[in-house]
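Here's a quick tour for anyone opening this entry for the first time. Take a look at the sequence and the fold, then read on.

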Amino acid sequence: MNHKGQSSDSDSVVVLEMDPLVHELKRKLASLKSSKTLPGEPRIIVSKVGHLRRNVCNSEYDPDHVSIGPYNHVRHLPTQQDKLRSLDAVLTAAEPSMTVEVYLKELACLEDKARSYYANTFDGITTHQFVHMLLLDGCYILSRFASFPAKHTAHGAGAARSSAFAASLEDLAVVRDVFFLAENQIPFFVLEKIGELTVPDGKARVGKWIADHALELMKAQRYAVAAPAMVPPELTAPENLLHLLHMHLKPQEMDALLPGATGNGAADKPVSSVGRWRTATEYSYAGVKFRSQEMSEKGGVRCILDVRLDSGGGTLEVPRLDIDNETWRLLRNLMELEQRNREAVGSHVTAYCVFMSQLASDRKDVELLSKRGVIVHAHGNDAEVAQHFADLCKGIVFDTSEPKINYLWDIRQKLEKRSRSYRRRWMAWLRRKYFSNPWLAVGLLAAAIGLVCAIVQAVYSVLSYKQG
């Protein structure tokens, strides 16, 4: 059916083929409705990284060694043969009755659910291609990080690899691509299904194996030291591997997310309308000290997000951040996860990254924080680290002035109030100017004593004159 229309401000006539257009729109609407999250079932959506964030550092979001999931399905990386060997290893570890046909049929039943976990519909990927991709990618991940019997695995995965899985450059590349990248993900239930078909109690065992690797990774990088607490109504199981890492990064004092939760007057209303953090140097000029905090599994500091201000409000306690080339990649992709799934996972990592990026945006700030042990880095110089921090949150949408999404809001308010105190700034200047050097301090003390003696002598002289 053709439809002819004419624009009100033009003489041109446009002829539309209505049937194909209507069919296409109906198909897209049906796909949209089927992908909506059911009430009470929060779900992590994997989406393409926004152009504003990609333009800052495109390579931080792309895999170099192995492509996982539909977004990178078209990439021809040199691991396709490894995926086939991984499939063979999984089939070998399974019972003889578990043929490749069984795996494909089971995963085909999960296709619609798996597709709904992505923001894109991937109409160009057929059912055959999509299920084929899920099977090969899932087997590759399990062959690397699941503890199937060592004699059956293509890469020697298992308990023996647990303590040395990041020992080689290849393993580092696999961890980076499989765990760190927001686009390079498949749903976690796909891994559980493959595990369930392969070994007895496979769903639970796969979850434990991969969770153990994730915790070891976070401990090795000094991002967190304890397994995440599964507290409803939050998601109690990971929905992909990047989300699993994100679950380890949760500040202990979650009450700080609510305005006025600390119960003091400083948090009743904003000190300033602009929610920017000051730099470390500026806070130092206001008398704020920085102290590095060591993480402890049973203590109050369990991950890098556990930033605190001491009871006196004069010392900012920040967990030590060990920085290498992969730090920026992980933090950027964790923020990307939060940008698309704020209702499900919150914005804790984004709040922390904004805090650090503004606190350490200059060479002098990085130098100060390094001296205090807050930052430990392996870059060439402090200026390079400062530039990385300055670029970290470009393109990120986040309002630091909103306490409901910024768990550090109360700390920022207190520090801002302290920074605006002229008395504190003057005292801090006096300490830096005269008391940082012991000889200057002694000289100042001697001058003060001399001044007091001169005043006392003058007073006695006046009194003696009056009495005489």
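What follows is a short briefing, starting with the whole chain and then moving to a few particular spots. Keep in mind that this is a predicted model. The chain has 468 residues, and 46% of them count as buried. Its secondary structure comes to 20 helices and seven strands.

**The chain overall**

- Take the contacts in the chain with a separation of 6 or more: 72% of them are between residues 24 or more positions apart.

**The nonpolar core**

- The largest nonpolar core takes in 108 residues.
- Within that core, the residues touching the most other members are F179, I210, L249, L316, Y352, F355 and F389.
- Helix α6 gives the most to this core, chipping in eleven residues.
- Y352 is worth a click: setting aside its neighbours within four places in sequence, Y352 is in contact with I304, L305, V307, L321, Y407 and L408.

**Where α6 meets α8**

- Helix α6 covers residues 127-145 and helix α8 covers residues 169-180, and their axes come within 12 Å.
- The two axes cross at roughly 130°, which makes α6 oblique to α8, since that angle falls between the roughly perpendicular range of 65 to 115 degrees and the roughly antiparallel range over 145.
- As for handedness, α6 passes α8 in a left-handed crossing.
- On the α6 side, the contact is made by Y140, I141, R144 and F145.
- On the α8 side, E170, D171, V174, V175, V178 and F179 take part.
- Sort the residues of this contact by type and you get seven nonpolar, three charged and no polar ones.
- F179 turns up twice in this briefing: it is part of the α8 side of the contact, and it is listed among the core residues that touch the most other members.

**Two residues to look up**

- H132 lies in helix α6.
- Is H132 buried or exposed? Neither, quite: its relative accessibility is 39%, so H132 counts as partly exposed, between the cut-offs of 20% and 50%.
- H132 and L104 are 28 residues apart along the chain, and their C-alpha atoms are separated by 7.3 Å.
- S419 lies in helix α18, which covers residues 409-419.
- With a relative accessibility of 2%, S419 counts as buried, because the cut-off for that is under 20%.
- S419 and E282 are 137 residues apart along the chain, yet their C-alpha atoms are separated by 7.9 Å.

How values were computed
Residues are numbered from 1 along each chain as its sequence is written. This is a predicted model: local features need pLDDT of at least 70, side-chain atom pairs count only at pLDDT 80 or more; totals for chains, interfaces and linings use all residues. Side-chain values use heavy atoms; hydrogens and water are left out. Axes are lines fitted to C-alpha atoms, for helices over the stretch in contact, and angles run from 0 to 180 degrees between N-to-C directions. Helices (H or I, at least four residues) and strands (E, at least two) are DSSP runs, numbered from the N terminus. Angles under 35 degrees count as roughly parallel, over 145 as roughly antiparallel, 65 to 115 as roughly perpendicular and the rest as oblique. A crossing is left-handed if the near helix is turned anticlockwise from the far one by less than a right angle, and right-handed if clockwise. Contact means heavy atoms within 4.5 Å. Ala, Val, Leu, Ile, Met, Phe, Trp, Tyr, Cys and Pro count as nonpolar, Asp, Glu, Lys and Arg as charged, and the others, Gly among them, as polar. A nonpolar core is a set of buried Ala, Val, Leu, Ile, Met, Phe, Trp, Tyr and Cys residues joined through side-chain atoms within 4.5 Å. Buried means under 20% relative accessible area, exposed over 50%, partly exposed in between (1.4 Å probe, protein chains only).
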